[in-house]
Amino acid sequence: MLKFIKSKILAFKDIFKDTNDINEKTVIGFLSFAVMVIFATADIVTGFLGKDLVIQEFIYNSFVFVTLGSFGIAGLEKFAKKGE
């Protein structure tokens, strides 16, 4: 069990190395999108319960900008020429 946990922690550290197969911008974009989905689900559930879910607009907009920025940059990198 301890060996399994240690291997998972070391695998998490590999994300931050310069040579890896994971695009960090895509990971951040996905996490930001997941937070937005959780917020939308909580808003729908609280709406059905008759309560208002109060969240500051600038917080939600920040997640939107992070999501769009992360996926936009990752998409541009994918289609940009590697030699230039």
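Against which element do the buried residues of α3 pack? They pack against α2, residues 24-48. The model examined here is predicted. The description below starts with the overall fold, then turns to the two helices, their shared contacts and the surface.

The protein contains three helices and zero strands. Along the sequence, the elements follow the pattern α-α-α. The chain has 84 residues, and buried residues make up 10% of them. The accessible surface comes to about 7,300 Å². Carbon and sulfur atoms account for 70% of that surface. Contacts between residues at least 6 apart in sequence were also examined. Of these, 70% join residues at least 24 apart.

Helix α2 has 25 residues. Its end C-alpha atoms are 36 Å apart. This agrees with expectation, because 25 residues at 1.5 Å a residue should span 36 Å. Just after α2, Gly50 takes a positive phi of about 85°. Helix α3 covers residues 57-79 and has 23 residues. From its first C-alpha to its last, α3 reaches 33 Å. That value is close to the 33 Å expected at 1.5 Å a residue.

Each of these helices has buried residues. In α2, Gly29, Ser32, Met36 and Phe39 are buried. What covers them includes α3. In α3, the buried residues are Thr67, Ser70 and Ala74. Their packing partner is α2. The spacing in both lists can be read against helix geometry. An α-helix has 3.6 residues a turn, so residues three or four places apart point the same way.

Ser32 and Thr67 link the two helices. Ser32 is found in α2, and Thr67 is found in α3. Ser32 has a relative accessibility of 4%, so it counts as buried. Thr67 has a relative accessible area of 5% and is therefore buried too, the cut-off being under 20%. A polar contact of 2.7 Å joins the side chains of Thr67 and Ser32. The side chain of Ser32 also reaches the backbone oxygen of Phe63, at 2.9 Å.

The wider surroundings of both residues were then listed, with neighbours up to four places away in sequence left out. Ser32 touches Phe63, Val66 and Thr67. The C-alpha atoms of Ser32 and Val66 are separated by 6.7 Å. Along the chain, Ser32 and Val66 are 34 residues apart. Thr67 is in contact with Gly29, Ser32, Phe33 and Met36. Among these partners, Gly29, Ser32 and Met36 are themselves buried residues of α2.

Ser70 gives a further view of α3. Ser70 lies in that helix. Its relative accessibility is 10%, so Ser70 counts as buried. A polar atom of the Ser70 side chain lies 2.8 Å from the backbone oxygen of Val66. Beyond four places in sequence, Ser70 touches Lys25, Ile28 and Gly29.

Ile28 sits on the other side of one of these contacts. Its place is in α2. Ile28 has a relative accessible area of 44%, so it is partly exposed rather than buried. Leaving out residues up to four places away in sequence, Ile28 touches Val66 and Ser70. Ile28 and Val66 are 38 residues apart in sequence. In space, their C-alpha atoms are 8.0 Å apart.

Ile28 and Val66 also belong to a nonpolar patch on the surface. The other members are Ile22, Val27, Phe30, Leu31, Phe33, Val37 and Phe71. Together, the patch residues have about 760 Å² of accessible area. The elements that give two or more residues to the patch are α2 and α3. The largest share, six residues, comes from α2. One of the patch members, Leu31, has its place in α2. Leu31 has 48% relative accessibility and therefore counts as partly exposed.

Taken together, α2 and α3 recur in two settings. The buried residues of α3 pack against α2, and α3 is part of what covers the buried residues of α2. On the surface, α2 and α3 each give two or more residues to the nonpolar patch.

Methods:
Residues numbered from 1 in each chain as written. Predicted model: local features only at pLDDT ≥ 70, side-chain atom pairs only at ≥ 80, totals over all residues. Heavy atoms only, no water. Helix = DSSP H or I, 4+ residues; strand = E, 2+ residues; numbered from the N terminus. Expected span 1.5 Å × (residues − 1). Buried < 20%, exposed > 50% of the residue type's maximum accessible area, 1.4 Å probe, protein only. Contact = heavy atoms within 4.5 Å. Polar contact = N/O pair within 3.5 Å; in protein donor to acceptor, adjacent residues only side chain to side chain. Patch = residues over 30% accessible without salt bridge, like charges linked within 9 Å, V, L, I, M, F, W, Y side chains within 5 Å. Areas by Shrake-Rupley, 256 points an atom, 1.4 Å probe, with all protein chains shown as cover. Salt bridge = Lys/Arg side-chain N within 4 Å of Asp/Glu carboxyl O.
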